Amino acid sequence: MHIWGHFRTITQHKILVTSYCFRIGLFRQGLAHDLSKYAPCEFWKGCRYWQGNRSPNNAEREETGVSLAWLHHKGRNKHHFEYWIDYDLSSDTLITGMPIPKKYVAEMICDRIAASRTYEGKAYTDRSALNYYMNGYEKFWFVHEDCREQLKFLLEMLAEKGEEETFRFIRNVFLKRPWQEVQKEYGKNE
């Protein structure tokens with residue numbers, strides 16, 4: 001059991017995400033971010049499988065075949081695209097991603113930056129979150145196309161222009177204007 005290590009990791013992550021959310025104007029989301037990680041059903045699994053350099057959910061999944069902590073977590077936190085999966089009776093795949101409000105996509109960006117910083121430590125760069133996302137990009141077939149595009153767009157901006165400019169863009173443009181307008185004016189990969 002790694003109680004202190006896990007507590008320190010999730011708290012450091014939460015503090016980072018909270019500060020990022022505050023910078024983009026999402027105060028309530030920043031305060032509420034990942035509170036379920038402190039619930040006993042998530043916290044004790046995290047302590048048991050904590051390694052310090054990656055999510056304990058993956059270690060739980062490797063050992064047992066499923067992460068019960070993750071199933072609890074993703075069902076309570078709207079900043080995970082897995083929260084937005086539903087049945088689509090007209091689809092060949094039966095499940096599909098639903099549109100995600102941009103405020104949760106913005107929190108998702110904050111979450112990915114904080115996770116990359118937390119797990120990569122001194123090796124972190126502004127490209128880290130994009131590299132992580134692109135490593136699994138083809139596997140995210142179930143994510144709504146707008147969300148896929150928004151995440152890629154914002155993570156590419158982070159990699160190319162840095163944190164300050166990306167957060168300013170999220171706060172002043174992305175959260176205030178329709179996505180189609182943002183795409184048209186700024187281009188998909190600008």
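**Figure 1. Leu16 and its surroundings in helix H1.** In this predicted model, Leu16 has its place in helix H1. Leaving aside residues up to four places away in sequence, Leu16 touches Ala114, Arg117 and Thr118. For a sense of distance, take Glu156 as a partner: Leu16 and Glu156 lie 140 residues apart in sequence, and their C-alpha atoms are 20 Å apart in space.

**Figure 2. The whole protein, for orientation.** Ten helices and two strands are found in the protein. Starting at the N terminus, the order of elements is α-α-α-α-α-β-β-α-α-α-α-α. The protein is as compact as a globular protein of its length, because its radius of gyration of 17 Å is close to the 16 Å given by the globule rule for 190 residues. Measuring sticks at the ready: the C-alpha trace spans about 50 × 45 × 30 Å along its principal axes.

**Figure 3. The largest pocket and its lining.** Here is a view for anyone who likes empty space. The volume of the largest pocket is about 1,200 Å³. Its lining counts 40 residues, and those closest to the centre of the pocket are Ser55, Asn58, Trp70, Arg112 and Tyr132. Which helix gives the most to this lining? That is H6, with eight residues. At least two lining residues each come from helix H1 (3-23), helix H3 (40-49), helix H4 (56-64), helix H5 (68-74), helix H6 (102-120) and helix H7 (128-135). Sorted by class, the lining of the largest pocket holds 14 nonpolar, 16 polar and ten charged residues.

**Figure 4. The second largest pocket.** This pocket holds about 200 Å³ of space. Its lining includes Arg28, Gln29, Ala32, His33 and Asp34, together with Arg76, Asn77, Lys78 and His79, and also Lys103, Tyr104 and Glu107. Helix H2 (27-32) and H6 are the elements that give two or more residues to this lining. How do the lining residues of the second largest pocket divide by class? Two are nonpolar, four are polar and six are charged.

**Figure 5. Helix H8 packed on helix H9.** Helix H8 (residues 145-161) packs with H9 at an angle of about 140°, and the two axes are 7 Å apart. That angle makes H8 oblique to H9. On the H8 side, the contact is made by Gln150, Phe153, Leu154, Met157, Leu158 and Lys161. On the H9 side, Glu163, Glu165, Thr166, Phe169, Ile170 and Phe174 take part. The residues of this contact comprise seven nonpolar, two polar and three charged.

**Figure 6. Helix H9 meeting helix H10.** Moving along the chain, we reach the contact of helix H9 (residues 163-174) with helix H10 (residues 179-186), whose axes come within 11 Å and cross at roughly 120°. H9 and H10 are therefore oblique to each other. Which residues meet here? Phe169, Val173 and Phe174 of H9 meet Trp179, Val182 and Tyr186 of H10. By class, the contact of H9 with H10 has six nonpolar residues, no polar ones and no charged ones. Look out for Phe169 and Phe174, which take part in the contact with H10 and also in the contact of H8 with H9.

Definitions and conventions
Residues are numbered from 1 along each chain as its sequence is written. This is a predicted model: local features need pLDDT of at least 70, side-chain atom pairs count only at pLDDT 80 or more; totals for chains, interfaces and linings use all residues. Side-chain values use heavy atoms; hydrogens and water are left out. Axes are lines fitted to C-alpha atoms, for helices over the stretch in contact, and angles run from 0 to 180 degrees between N-to-C directions. Helices (H or I, at least four residues) and strands (E, at least two) are DSSP runs, numbered from the N terminus. Angles under 35 degrees count as roughly parallel, over 145 as roughly antiparallel, 65 to 115 as roughly perpendicular and the rest as oblique. Contact means heavy atoms within 4.5 Å. Ala, Val, Leu, Ile, Met, Phe, Trp, Tyr, Cys and Pro count as nonpolar, Asp, Glu, Lys and Arg as charged, and the others, Gly among them, as polar. On a 1 Å grid over the protein atoms alone, a cavity is a set of points where a 1.4 Å probe fits but cannot get out, and a pocket is an open set with protein on both sides within 12 Å along at least five of seven lines; lining residues have an atom within 4 Å of a point. Grid points are joined across faces, edges and corners, and a volume is the space filled by probe spheres set on the points. The radius of gyration is taken over C-alpha atoms; the globule rule is 2.2 Å times the number of residues to the power 0.38.
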